[in-house]
Amino acid sequence: MADPLVRYRHKRDFTKTPEPRGSRRKRAAQALRYVIQKHAARRLHYDFRLALGGVLKSWAVPKGPSLDPEVKRLAVEVEDHPLEYADFEGVILEHEYGGGTVLLWDRGRWFPEGDPEKGLKKGHLKFRLEGKKLKGVWTLVRTRQQTGEERRNWLLIKHSDTEARPATQGDILVERPD
Ligand code: MN
């Protein structure tokens with residue numbers, strides 16, 4: 001099988017970045033992990049990652065998640081990251097890829113509804129989160145009208161359940177910044 005982390009490694013110089021290179025060993029134990037890293041790069045964004053198939057499936061969410069089911073947040077699919085990345089916090093040097101501070105904003109487990117591999121291909125992934133901050137059911141939906149390499153835009157949407165909350169009742173990104 002081709003190494004799923006080729007793109008990840010290609011972008012980085014591991015003699016200069018504190019980020020993990022990723023090994024094949026740690027995989028099984030970290031199945032179902034979920035993490036969000038708040039990444040103060042040139043533009044602040046939230047990296048949303050779900051462990052699947054031995055890697056972290058990853059999306060960059062410029063505005064971060066919202067608990068309001070009416071609010072759809074753009075989530076740009078990025079390269080798979082190694083599972084070890086779920087523990088990474090630190091400073092990436094300014095001139096390196098993704099330079100800036102990475103803070104673990106939320107972590108926990110995720111539970112796919114249905115076959116997650118199929119969901120990823122189809123562009124519709126429904127799952128439950130058991131994080132410290134985010135809980136309940138969420139969906140990631142690939143947006144339409146995209147072709148080929150451009151099919152990287154998804155929307156992250158909170159499902160209506162007891163963990164949902166309208167935006168008028170506050171913003172979790174503001175209330176719990178760290
Ligand atoms: Mn990032």
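**A friendly talk about a predicted chain**

Colleague: Where does Ile-36 lie?

Modeller: Ile-36 lies in strand E1. Keep in mind as we talk that this is a predicted model.

Colleague: Why is Ile-36 called buried?

Modeller: Its relative accessible area is 1%, and buried means under 20%, so the word fits Ile-36.

Colleague: What does Ile-36 touch, not counting residues up to four places away in sequence?

Modeller: The list includes Tyr-46, Asp-47 and Phe-48, along with Pro-65. Leu-103, Leu-104, Trp-105, Asp-106 and Leu-134 are on it too. For a sense of spacing, take Ile-36 and Trp-59: they are 23 residues apart in sequence, and their C-alpha atoms are 9.6 Å apart in space.

Colleague: And Pro-177, how do you know that it is partly exposed?

Modeller: Pro-177 has a relative accessible area of 31%. Buried would need a value under 20% and exposed one over 50%, so Pro-177 falls in between and is called partly exposed. Its place is in the segment after H3.

Colleague: Which residues does Pro-177 touch, leaving out those up to four places away in sequence?

Modeller: Pro-177 touches Lys-38, Leu-103 and Trp-105. Lys-38 is 139 residues from Pro-177 along the chain, and 8.9 Å separates their C-alpha atoms.

Colleague: Let's turn to Leu-50. What makes it buried?

Modeller: Leu-50 has a relative accessible area of 1%; the cut-off is under 20%, so Leu-50 counts as buried. This residue belongs to strand E2, which covers residues 44-52.

Colleague: Which residues are in contact with Leu-50, leaving aside its neighbours within four places in sequence?

Modeller: Among them are Arg-33, Tyr-34, Trp-59, Trp-110, Phe-127 and Leu-140. Arg-21 makes a useful pair for distance: it sits 29 residues from Leu-50 in sequence, and the two are 18 Å apart in space, C-alpha to C-alpha.

Colleague: Which members of the largest nonpolar core touch the most other members?

Modeller: That core has 36 residues, and those touching the most other members are Phe-48, Leu-50, Trp-59, Phe-127, Leu-129, Leu-134 and Leu-140. Several elements, including E1, E2, strand E7 (124-131) and helix H3 (172-175), each supply at least two residues of this core. E2 gives the most, with 5 residues.

Colleague: Why might nonpolar side chains be found buried together?

Modeller: It is a general tendency in soluble globular proteins.

Colleague: Which residues does Leu-140 contact, if we set aside its neighbours within four places in sequence?

Modeller: Leu-140 is in contact with Phe-48, Leu-50 and Trp-59, among others. The list also includes Ala-75, His-124, Trp-154 and Leu-156.

Colleague: Now the whole chain. How many helices and strands does it have?

Modeller: There are 3 helices and 9 strands. From the N terminus on, they run α-β-β-β-β-β-β-α-β-β-β-α.

Colleague: What makes the chain as compact as a globular protein of its length?

Modeller: Its radius of gyration is 16 Å, close to the 16 Å that the globule rule gives for 178 residues, so the description fits. Taken along the principal axes, the C-alpha atoms fill a box of roughly 45 × 35 × 35 Å.

Colleague: How much of the chain counts as buried?

Modeller: Of the 178 residues, 47% do. The chain exposes about 10000 Å², and carbon and sulfur atoms supply 51% of that area.

Colleague: How many positive and negative side chains are there?

Modeller: The chain has 36 positive and 26 negative ones, with the centres of the two sets 3 Å apart.

Note on methods:
Residues are numbered from 1 along each chain as its sequence is written. This is a predicted model: local features need pLDDT of at least 70, side-chain atom pairs count only at pLDDT 80 or more; totals for chains, interfaces and linings use all residues. Side-chain values use heavy atoms; hydrogens and water are left out. Helices (H or I, at least four residues) and strands (E, at least two) are DSSP runs, numbered from the N terminus. Buried means under 20% relative accessible area, exposed over 50%, partly exposed in between (1.4 Å probe, protein chains only). Contact means heavy atoms within 4.5 Å. The radius of gyration is taken over C-alpha atoms; the globule rule is 2.2 Å times the number of residues to the power 0.38. Accessible areas come from the Shrake-Rupley method with a 1.4 Å probe; for residues, only the protein chains shown count as cover. Lys and Arg count as positive and Asp and Glu as negative; His and the chain ends are not counted. The place of a charge is taken as NZ of Lys, CZ of Arg, CG of Asp or CD of Glu. A nonpolar core is a set of buried Ala, Val, Leu, Ile, Met, Phe, Trp, Tyr and Cys residues joined through side-chain atoms within 4.5 Å.
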